[in-house]
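Here are my comments on the model you asked me to look over, set out as numbered points. They begin with the protein as a whole and then turn to particular helices, loops and residues.

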Amino acid sequence: MKKIMGICIIFLFLFLILSSNAFSRVDEEAQMEGQDHVHKPITNYGSETMWDMEEDEWQMVGKKGNQFVVNGQPFYINGFNTYWLMMFAADDSTRGKVTEVFKQASSLGMTVCRTWAFNDGQWRALQKSPSVYDEEVFKALDFVVSEAKKYKIRLILSLANNWEAYGGKAQYVKWGKDAGLNLTSDDDFYTHSTLRSYYKSHVKTVLNRVNTFTNITYKEDPTIFAWELMNEPRCNSDPTGDKLQDWIQEMAFHVKKIDPKHLVEIGLEGFYGPSTPQRLQFNPNTYAQQVGTDFIRNHQVLGVDFASVHMYADSWVSPQIADTHISFVKSWMDAHIEDAEKYLGMPVVFSEFGVSSKDPGYNSTYRDTLISTVYSAVLNSTKKGGSGAGSLLWQVFPEGTDNMDDGYAIVFSKSPSTSSIVTLQSTRLALFNSVCSTRCNWSCKKKKMLEKILYHDEL
């Protein structure tokens, strides 16, 4: 692998040394541009992030227009999903895997992790029944939050699941039936007042939780990047989208009333609905418009701060790996970035994307091509100061967790080419976040120098 000896621009950029991944030399002009301003380099990159961050710099992530901001600087993100962290932290024999995930991701410069803050009525449940919690599992979630901060990784915490895994809306309906309610569909989760009250109580409990490791209330903790209302909400019983829209409005307000400091997102997959017939052409299939979600309408709800989009061409387009998957990803991302800028005025995060090793025709080269395609679309938006605010891989695993692999797991220690791509993306985004203010938007005097670094393609 080629090595980069130094990247200097505006501020003298840190020397980046990884065990097997480094980057090609940047031209001398870039070095001369920034010798007067020096960032303190990290010497132990394997356990810390791109730059040392003092406690007073660990502030809440906010939003200004279509950008995330921290301390007045843009915060474009390169992150990942690892949904099972709380469950692993609840067992002493597997708790160390949580630390491993954060350590590995941090060593590649990743800054955001999305994970579950729910496990309803299942094995090792957080919420055993409505408003009844297992304190030991809650302490496990405390550990996850505390450990994330050690590695300067912020968390998107999802509060419920559309799917039956880890309970989901089906468990809420079961609880309702056990209480004597007349319920006929899992979608009653969105409409029945008692089930809504169960969910709202869970939200209140999590947001007001005082972390037993840090003594910081969740709603006051900058480690938490955002609250996600639900993982991939759908309401198939109402293709008009009215039922889900009403639920989103009530729950976004509920979260903001308890915690006005943190950002809120819905957790949607990004399907276009009846409010925007001209955008239906971008959906991966005709079924997508019938699941009760409506990307633009849903994200116009008061209290929703940024948009989420998922991408699974192998599930939505065809299971066989094909070039059409890449073209779909490009058009899907471009459409949602455009809508976030034109109609929503907010950032959009591509919060789940990946490809399964179980797909016919899969190989690691294709996976790297997919990841590079997603990263390029984010960078193109970054260059314009646009709404494409970042992406989260589905999903990052440490070694020794094969039993949890759904086919999408990426183990960085076993995937050097993927690790190089991820690290380069982290480096580029960290550089932009560091040297540009929100007023810059790439119109600053150093635009040419930034472009040379951020679009230097050699690995």
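1. A residue is called buried here when its relative accessible area is under 20%. By that criterion, 59% of the 459 residues in this protein are buried, and the reader should keep in mind throughout that the model is a predicted one.

2. The secondary structure amounts to 14 helices and 13 strands. If one takes the contacts between residues at least 6 apart in sequence, 74% of them join residues at least 24 apart. The protein exposes about 17700 Å², and carbon and sulfur atoms supply 50% of that area.

3. Helix H3, which runs over residues 95–107, has 13 residues and spans 19 Å from its first C-alpha to its last, close to the 18 Å expected at 1.5 Å a residue. Its buried residues are Val98, Val101, Phe102, Gln104, Ala105, Ser106 and Ser107, and the elements that cover them include strand E4 (77–81), helix H2 (85–89), strand E5 (112–116), helix H4 (135–150) and strand E8 (154–158). After H3 comes Gly109, which has a positive phi near 80 degrees.

4. Helix H5 is mostly covered, with eight of its eleven residues buried. The buried residues are Gly168, Lys169, Ala170, Gln171, Tyr172, Val173, Trp175 and Gly176, and their cover includes strand E6 (127–129), helix H6 (188–191) and H7. Just after H5, Gly180 adopts a positive phi of about 95 degrees.

5. Two residues other than glycine also deserve a look for their backbone angles. Lys152, in the loop between H4 and E8, has a positive phi near 55 degrees although it is not a glycine, and with a relative accessible area of 16% Lys152 is buried. Tyr166 sits in the loop between E8 and helix H5 (168–178); Tyr166 is likewise not a glycine, yet its phi is positive at about 60 degrees. Which side of the burial cut-off does Tyr166 fall on, buried or exposed? Its relative accessibility is 16%, so Tyr166 counts as buried.

6. The pairing of helix H7 (residues 193–207) with helix H8 (residues 242–258) can be described by its geometry and its contacts. The two axes come within 10 Å and cross at roughly 30 degrees, and since angles under 35 degrees count as roughly parallel, H7 and H8 are therefore roughly parallel to each other. The crossing of H7 with H8 is right-handed. On the H7 side the contact is made by Arg196, Tyr199, Lys200, Val203, Lys204 and Leu207, and on the H8 side by Lys243, Asp246, Trp247, Glu250, Met251, His254, Val255 and Ile258.

7. A second helix pair is formed by helix H11 (residues 323–344) and helix H12 (residues 364–383), which pack at an angle of about 20 degrees with their axes 10 Å apart. H11 and H12 are therefore roughly parallel to each other, and their crossing is right-handed. The contact involves His325, Ile326, Val329, Lys330, Met333, Ile337 and Glu341 from H11, together with Tyr366, Thr369, Leu370, Thr373, Val374, Ala377, Val378 and Ser381 from H12.

8. Asp305 lies in the loop between helix H9 (295–299) and strand E11 (307–311), where Asp305 is buried, with a relative accessible area of 12%. What does Asp305 touch, leaving aside residues up to four places away in sequence? Its contacts are Lys63, Lys256, His262, Leu263, Val264, Met346 and Pro347. With one of these, Met346, the separation is 41 residues in sequence but 6.7 Å in space, from C-alpha to C-alpha.

9. Finally, anyone inspecting the backbone should look at the peptide bond that joins Trp394 and Gln395, which is cis, with omega about 0 degrees. Gln395 belongs to the loop between strand E13 (388–394) and helix H13 (416–435).

Note on methods:
Residues are numbered from 1 along each chain as its sequence is written. This is a predicted model: local features need pLDDT of at least 70, side-chain atom pairs count only at pLDDT 80 or more; totals for chains, interfaces and linings use all residues. Side-chain values use heavy atoms; hydrogens and water are left out. Helices (H or I, at least four residues) and strands (E, at least two) are DSSP runs, numbered from the N terminus. The expected span of a helix is 1.5 Å times one less than its number of residues. Buried means under 20% relative accessible area, exposed over 50%, partly exposed in between (1.4 Å probe, protein chains only). Contact means heavy atoms within 4.5 Å. Accessible areas come from the Shrake-Rupley method with a 1.4 Å probe; for residues, only the protein chains shown count as cover. Axes are lines fitted to C-alpha atoms, for helices over the stretch in contact, and angles run from 0 to 180 degrees between N-to-C directions. Angles under 35 degrees count as roughly parallel, over 145 as roughly antiparallel, 65 to 115 as roughly perpendicular and the rest as oblique. A crossing is left-handed if the near helix is turned anticlockwise from the far one by less than a right angle, and right-handed if clockwise.
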